Structures are given as C-alpha cells and as structure tokens.
Amino acid sequence: MVSRRKILSRSRDDLNMEAPPQEEEEDIWYQKDKLYKDHIQEVLNKWQSIDDEIWAKIIVLERNRRVAKAYARAPVLTVNGSDDGFDGFRIGLAGFDNPMRDSKTEEVKRHIGQGCKIKMDDSGNILIKRIAKSNVYVKNTEGENAVANEIIKTPGGALELDKPVKLFDMKKFQQNVARELKRAYPDRRKLEVQCISSVAFVKNESDILEQPCWVMLINVVAMDMLKSKIPPVKNDRSAVDIRNRPRIPVPDEDPYSVAG
C-alpha cells in the first residue's frame, strides 16, 4: 500500500471513481497547456478530500476529449484494451462511452490488447511495463521533465516489451525543483506540469491532442512534495496594470461646492 506521507518523510486495492464527467464542452480541450492546467487545478481543488493512500489521478482521453477519470489506490494498475472500465485493478479502455468516437479510435482500441502495468514504488517513482504486443508510447519527453532518461533515449518514447522503466523519476523531479527554487522567480506551473505523465497506445501522433487513445497520470505524491516547497497561489492572475484599472465616474456636480 502506497502512503504519500511515508514516501515524503524518507490499498484498499481499488480506485475511487469520481462523479462521471458531464457531456459538455468542459470535457474537450483545444490547447495542451490548458488541458494540463485544468487537471492540475482539479486536483488542487479537491486536495483536502484526497486521502493518503491515493498516489495518482488517472484521466482517460480519446484525442482531445476526456472520457473517464479516477483516483488510483491499487498497488499495481493494469491499463488494457478490455471493456472493464474501472474495476479496482484494471482500467479497460474499451469500457467508456464517447459519442464523438471516430473509426480510427475504434480501430486503435481494438489493438491495445494487454496494454501496460503501472505502479508506484516506495520512493515515489512511477514504474511502467509494457505487456502488450502493440506499442505503448510515453509522451511529454520534450523540454524539462521528470521522465526517466532511458525512455527519452528511445525513438518516439516507445517502450520495450516486458521491461519496467520509470515513467516518473522522483529523483530527477527533485533535482528540477531544487534548480527552479534557485531562480529569482520560481515557476511553479512548469513544475506542476512535470507531475503529469502521458501514455499513448498503438499509434504515436506528434500532437498529443490527436492521440486516438491515451491516458494522463497526475502524480499526487510529487504534487504533495511540490506543495511543501512552493505553496500554490490562490489567485495566479498577474498584478493589475494600473493603466487598465476601472475609471472613477466623474460626478455631475462638484462634490466640494457649497449648495446655497
């Protein structure tokens, strides 16, 4: 059983399902940055209700549409092409409805097969092992990230069969946090995005919002550590520009005039 507190100081084996997503525009994203920002904010908004055994939030997407989400408690999580949906130990990617699903996505889902296994170790690393014949790809390997270097070195982030690797490298993330803290103005958003791992199945598209079938994992342990280093700002809007401040209406009469 993973415990965030134990990891940060040196399950029941199931997933807590959230309320099913509503079929509204809010479940569609057109910009990758906004997709990440919104999901990080969702975790922060519910932080007080996320108990110690939860180590990740998983979001299932088809292209730019979210089709399911849940919290992970299971020590080992299997993500495959079954129609199980969420059953406590497995995420069956063919078990969710999407009225906007296209034929290419249907085809990809049929080829996912056994997919991959994902777990968190006692150091906060997230390990992934491909067990399917079809390809599994790790995305978000460009720029500063917390993906293990051995994944970054592989073409397209493609995983080898039956070889466990670090989808999220906690030591690398801690080094990135320490480096950012040395800056005059640390960028918390840049570090938050590194808490997100993305895994695509069968097809590898250059634009992640065009991936027919993929999942995002938000490392709750890493976010917990980041919160202790750089507390989130409740209002992240930039300072108000005095030139854009509301203008005070001019009264019809001089307030200093004496009636009479």
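**Figure 1. Helix H3 and the elements that cover its buried side.** In this predicted model, S2 and S11 are among the elements that cover the buried residues of helix H3. Helix H3 spans residues 103-110, and its buried residues are Thr105, Val108 and Lys109. These residues lie on the same side of H3, because they cover an arc of only 100° around the axis. The face turned away from this buried side carries Ser103 and Arg110, which are exposed.

**Figure 2. Strand S12 and its covered faces.** Strand S12 runs from residue 214 to residue 219 and is mostly covered, as six of its six residues are buried. One side of the strand presents Trp214, Met216 and Ile218, and the other presents Val215, Leu217 and Asn219. Both of these faces are covered, and the residues named on them are all buried.

**Figure 3. The strands that pair with S12.** Strand S2, made of residues 56-62, pairs with S12 in the antiparallel sense through six bridges. Within this pairing, Lys57 has Ile218 of S12 as its bridge partner. Strand S11, made of residues 196-201, also runs antiparallel to S12, and five bridges join the two. Here Ala200 stands opposite Trp214 of S12.

**Figure 4. The open sheet of six strands.** The strands of this open sheet follow the order S5-S6-S4-S7-S8-S10, and their pairing is mixed. At the edges are strand S5 (85-86) and strand S10 (165-168), each of which pairs on one side only. Inside the order, strand S7 (residues 116-120) is joined to S8 by five bridges, and the two strands run antiparallel. Cys116 faces a partner across this pairing, for it stands opposite Arg130 in S8.

**Figure 5. The surroundings of Lys32.** Lys32 belongs to helix H2, which covers residues 32-45. With a relative accessibility of 29%, Lys32 counts as partly exposed, because this value falls between the limits of 20% for buried and 50% for exposed residues. Apart from neighbours within four places in sequence, Lys32 is in contact with Glu142, Ile208 and Leu209. Leu209 is 177 residues away from Lys32 along the chain, yet the C-alpha atoms of the two residues are separated by 7.0 Å.

**Figure 6. The largest nonpolar core.** This core contains 69 residues. Those with the most contacts inside it are Trp55, Val60, Ile91, Leu93, Phe173, Phe201 and Val215. Helix H7, formed by residues 220-229, gives the most to the core, with six residues.

**Figure 7. The whole protein.** The protein has seven helices and twelve strands. Of its 260 residues, 47% count as buried. Its accessible surface comes to about 14,500 Å², and carbon and sulfur atoms account for 49% of that area.

**Figure 8. Confidence along the predicted chain.** The mean pLDDT of the protein is 86, and 80% of its residues reach 70 or more. Among the elements, strand S8 (residues 126-130) has the highest mean pLDDT, at 98, and strand S1 (residues 15-17) has the lowest, at 54. Over residues 19-24 the pLDDT stays under 50, and the model shows eight contacts beyond four places in sequence for this stretch. The pLDDT is also below 50 over residues 253-260, a stretch that has zero contacts in the model beyond near neighbours in sequence.

Conventions
Residues are numbered from 1 along each chain as its sequence is written. This is a predicted model: local features need pLDDT of at least 70, side-chain atom pairs count only at pLDDT 80 or more; totals for chains, interfaces and linings use all residues. Side-chain values use heavy atoms; hydrogens and water are left out. Buried means under 20% relative accessible area, exposed over 50%, partly exposed in between (1.4 Å probe, protein chains only). Helices (H or I, at least four residues) and strands (E, at least two) are DSSP runs, numbered from the N terminus. Two strands pair if DSSP finds at least two bridges between them. pLDDT is the predictor's confidence in each residue, from 0 to 100. Contact means heavy atoms within 4.5 Å. Accessible areas come from the Shrake-Rupley method with a 1.4 Å probe; for residues, only the protein chains shown count as cover. A nonpolar core is a set of buried Ala, Val, Leu, Ile, Met, Phe, Trp, Tyr and Cys residues joined through side-chain atoms within 4.5 Å. The arc is that of the directions from the helix axis to the C-beta atoms.
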